[in-house]
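This report describes one helix and its surroundings, and then turns to the cysteines. The sequence and the structure are shown below.

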Amino acid sequence: MINSDLDEVIDAGAEALLRHLRPEGHFAFDSGAGATLATAGAAVTLQLHDPAGSRSYIDNGIAHLLTMQNPDGGWGSVPGQPSEAVTTAIAVAVLHIVAPDCHPDQVSSGRTALDRLGGLAGIADPALAAVCGRFHGMAGWHAPEPVRVPLWVFLFPKLWRTRMSFRAAVLAATALAQSRRDPGGPLRRLLDRIAAPAALRVLYRVHRDEGGTGGFGDNTWPAAMTGIPLIQSGHAPDLVEAIAGYLRRSADPDGSWEIVDIRLTYTAFAATGLCDAGYAADPRLADVAALIRGSQRTQPFSILDCPPGGWSYSHATGWPVTLESAELLSVLAALPGAEEDPALARGLSWLLGRQDSRGSWSLWVRDTALANDGPCPYLTAQAVDALLDGGVPLDDPRIRRAVRWLVGSQHEDGTFEALWYRGRTAGTAEVTGALCRAGVTPEHPTVRAAVRWLLATQHADGSWGPGDGRPGSVEETAWALRALLTTGMIPGAGPVDRAAVWLQTRQLPDGRWPEAPVSAYIRHCVHYPNGAITGGLALRALAAYRRARAALVSMTARASASEHDNRGTPPRTDEEKRNE
């Protein structure tokens, strides 16, 4: 056992995270650098927009794609990650579209790898499979697939908002391109002429609400997926130019593009880990607190029908989301001065207002009908945690509604979903912990079933993976360990001790922990690592284990002292007992 070194492990992990703190107050990691989808999407967008003026960006992007190809012929989300069908399908098509006949061997091996991965038919998300099919159509490998997004939908904001959610801008541009490519009969042409201005309004509202950056989510892939069909449609040349400018500005020196600007995501998870580890009052976090407060949205975000008060994953004008907002609220609640923090109060009010009518939370849009948006058990549990951290009482009706929804969302095997993380461990652990914090007892059938699944999926070495037999990861082990401790399982119990020791032994010499691709960039299809999540979760789990161990030692000492006192006290007489 190496538990005597637990303080050193936690301090080393905290200092490793703090080395990623930038003077501006945010944390920065290179976990998403050199992203396949971002690089491929940017290269083909610039090729379609201005092949001569963007030549160096295009050539450098293609060169980087070639270096990212795995030995099996496929591409992962970022360099060094396992090949996945979506990233392979897009990368191999873009190589052929942008540089036809220049890289025949790489294209051939990429197409062979895609076949081994199940081909386009094996892609879990039908909408994304259709996107890959359109890229293959652009490459000339089969006839272009029709787009089934009617323009008339954009005449009805509630309809497109709940059904399209964060995809609305991409789908508006796609529908405009399809209308030009396949105008249809007289009735369809009339409807499209009426509806096209509504679709364009969606695009311009996004552009306005995010500050005119052209980033369409500070996210290269959706920016490209908006720019490509806009170019094909002939509409909004000023928006196309803004997107191209964003792509050129955001290119990395090595010719690649980052998966997405998630500086606030990094900051949220790093800071919650540091606060749990005892660093809330560390003066180095003062700039972090200022950055978080300064990044809170002060204007509504109309495409999501979202009021001010939340946070994005990127910066103050980014798209507001539940996940990062909840995590950042937990940070503010843990920092000195939380009781008088107006940003915390506004954020808690915003989060309460974003609860779905069914009691859950979704990522982007309230009461969404898009499965990739919500409702999500993990996000709902995370929101409950943030509200409790911020002082919302247990008997608040919105907490009780969330608890009821969570109990009803459990799968028969005891697990819970997490839309933005792989497998079932993350969701099951997060919900288990939130339910117990919200007053559900460990004996409740929902908690017992979740704990039973967690214990059954723990590996012999003490770790957890996604729950499907894959090897353990730091992230999933940390999620599970913290959840079990929240249920009241104490140090000395085999499962939590083995998990804590495994986390300690996995720490690298520089204090970091190895990252696994647990984060979902596209649900079920594209996964990437996130160093802030890795380090932050490990710190939170080990800090919880340390607190539980200290509490056990204190309780044992008190029990021993009480027993000693009782042995030194003479028995009470019958008269003394009657007089009590």
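Helix H9 is followed by Gly211, whose phi is positive, near 85 degrees. The model is predicted: local features need pLDDT of at least 70, side-chain atom pairs count only at pLDDT 80 or more, and totals for chains, interfaces and linings use all residues. Residues are numbered from 1 along each chain as its sequence is written, and side-chain values use heavy atoms, with hydrogens and water left out.

**Helix H9.** Helices are DSSP runs (H or I, at least four residues) numbered from the N terminus. H9 has 24 residues, 186-209, and should span 34 Å at 1.5 Å a residue; the distance of 35 Å between its end C-alpha atoms agrees with this. The expected span is 1.5 Å times one less than the number of residues. At Ala195, shortly before the proline Pro197, H9 has a kink of about 35 degrees, the bend being the angle between axes fitted to the seven residues ending there and the seven starting there.

Among the buried residues of H9 (under 20% relative accessible area, 1.4 Å probe, protein chains only) are Asp192, Leu200, Val206 and His207. The buried residues pack against H7, H8, H10 and H11, with contact meaning heavy atoms within 4.5 Å.

**Cysteines.** The whole structure contains zero disulfides (pairs of cysteine sulfur atoms within 2.5 Å). Cys132 is in none, and its nearest cysteine sulfur is that of Cys525. The sulfur of Cys306 is too far from the closest one, in Cys376, for a bond.

| Cysteine | Closest cysteine sulfur | Relative accessibility |
|---|---|---|
| Cys132 | Cys525, 8.0 Å | 0%, buried |
| Cys306 | Cys376, 17 Å | 2%, buried |

Notes. Helices (H or I, at least four residues) and strands (E, at least two) are DSSP runs, numbered from the N terminus. Buried means under 20% relative accessible area, exposed over 50%, partly exposed in between (1.4 Å probe, protein chains only).
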